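Open the model in your viewer and turn on the cartoon display. The stops below tell you what to select, one after another.

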Amino acid sequence: MFTLNQLESFVAVAETLHYGRAAERLSISQPPLSRRIQLLERELGVELFDRTGRAVRLTTAGQSFLGDARRILGLSEQATLTVRRVPTGETGTVAMGFTASSAHSVLDAFVAAARTRLPGVDLVLRERVSGTQLEELRSGELDLVLVRPPVRGTGLIHRPLYREPLLAAIPAEHPLADPARTVHVHDLDGEPFVMYSPAEARYFYEVLVGVFRSSGIAPRYVQHLSQVHTILALVRAGLGLALVPRAAVAFGLNGVVLRPVHGIDGAPVELVAAWRADDDNPALRAIRQLLLEVADNGFSRG
């Protein structure tokens, strides 16, 4: 029977499509990684990767097996977390999901407060897009999630945490990067624009479409991406402008200027916390109360 280490190695290579990056992710060298994959293929009796070319590609069997491998690893993690939970709010384990951008606007202050106020609670943090977080929350793999609205489905409770404005991300050489110039939303009209994916980053996509529609402008989309840091990288490369949440300031990417945008009302980007209504984990209740308390204080670390 295959081992969890073999499954973890397979998933790492399948997700990166690069043995070097997969080995780095797993903190091992490439030879043992390759051996794990070979042993897994021998156990399964199929080839999981196409080795006929220079690039790493999944075979049809590998593509089919990837979903099951992820589920098995998730169940293994969940079993470990379940065993470690204890009936007190001061000790135990909480699996918490978050988005990449919320890590900079929320997590720093909250994690600092949790380490001080609830040192006995093991907070397991997992970065996921909002849709994946909600799936794993419903399945029990996550206890608490920080997601973009809406939160749909029965049996889930959610509370608003935080709102923030949008900033224009501008290549440093672009005329709009001049600090003496005011940036207005109408300046984006007709400009090449790095946009969010309507499938993988639907929340941000719909927020921006609403902004553009209400402003009567039509930027020229040149790419559709899901992650803020990738969007900023393409802005730095000069592919176009972008709109990103204010939390992106924490990325501090050289070659990209972040500017306030006049003509966009208020703070349109929202973050909410969600959890299952029937989750009776005492550690979750303690963590949840602390999160809402820190949110009420504006995520100040003071």
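Which residue in β11 does I170 stand opposite? Select I170 and look across to β11: the residue standing opposite is V257. Keep in mind throughout that this is a predicted model.

**Stop 1: the sheet of three strands**

Now select strand β7, residues 166–171, together with β11; the two run antiparallel and are joined by five bridges. They belong to an open sheet of three strands in the order β10-β7-β11, with antiparallel pairing. Colour β10 (242–245) and β11 (256–260), the edge strands, each of which pairs on one side only. On average, neighbouring strands in this sheet are turned by 40 degrees against each other, ignoring direction. Next, add helix α8, residues 228–236, which packs on the sheet and touches β7, β10 and β11. The direction of α8 makes about 145 degrees with that of β10.

**Stop 2: the sheet of five strands**

Move to the other open sheet on this tour, which has five strands in the order β4-β3-β5-β12-β6 and mixed pairing. Its edge strands, each pairing on one side only, are β4 (121–127) and β6 (156–164). Here the average turn between neighbouring strands is 20 degrees, direction ignored. Select β3 and β4: seven bridges pair them in the parallel sense. A95 stands opposite V124 in β4. Then show helix α6, residues 130–139, which lies across β3, β5 (144–147), β6 and β12 (269–276). Helix α6 runs at about 160 degrees to β5.

**Stop 3: F98**

Select F98, in strand β3 (residues 92–98). Is F98 buried or exposed? Its relative accessibility is 9%, so F98 counts as buried, the cut-off for buried being under 20%. Leaving aside neighbours within four places in sequence, the contacts of F98 include A103, L107, L125 and L146. Charged residues are also on the contact list of F98, among them R126, E127 and R128. Now measure from F98 to L271: their C-alpha atoms are separated by 9.9 Å, although the two residues are 173 apart along the chain.

**Stop 4: two crossing helices**

Finally, select helix α5 (residues 102–117) and helix α9 (residues 282–296), whose axes come within 10 Å and cross at roughly 130 degrees. That angle makes α5 oblique to α9. The crossing is right-handed. Show side chains where the helices meet: α5 contributes V106, A109, F110, A113, A114 and R117, and α9 contributes I287, L290, L291, E293 and V294. By class, this contact has nine nonpolar, no polar and two charged residues.

Note on methods: Residues numbered from 1 in each chain as written. Predicted model: local features only at pLDDT ≥ 70, side-chain atom pairs only at ≥ 80, totals over all residues. Heavy atoms only, no water. Axes fitted to C-alpha atoms, helices over the stretch in contact; angles between N-to-C directions. Helix = DSSP H or I, 4+ residues; strand = E, 2+ residues; numbered from the N terminus. Parallel < 35°, antiparallel > 145°, perpendicular 65-115°, else oblique. Left-handed = near helix turned anticlockwise from the far one by under 90°. Contact = heavy atoms within 4.5 Å. Pairing = 2+ DSSP bridges. Buried < 20%, exposed > 50% of the residue type's maximum accessible area, 1.4 Å probe, protein only.
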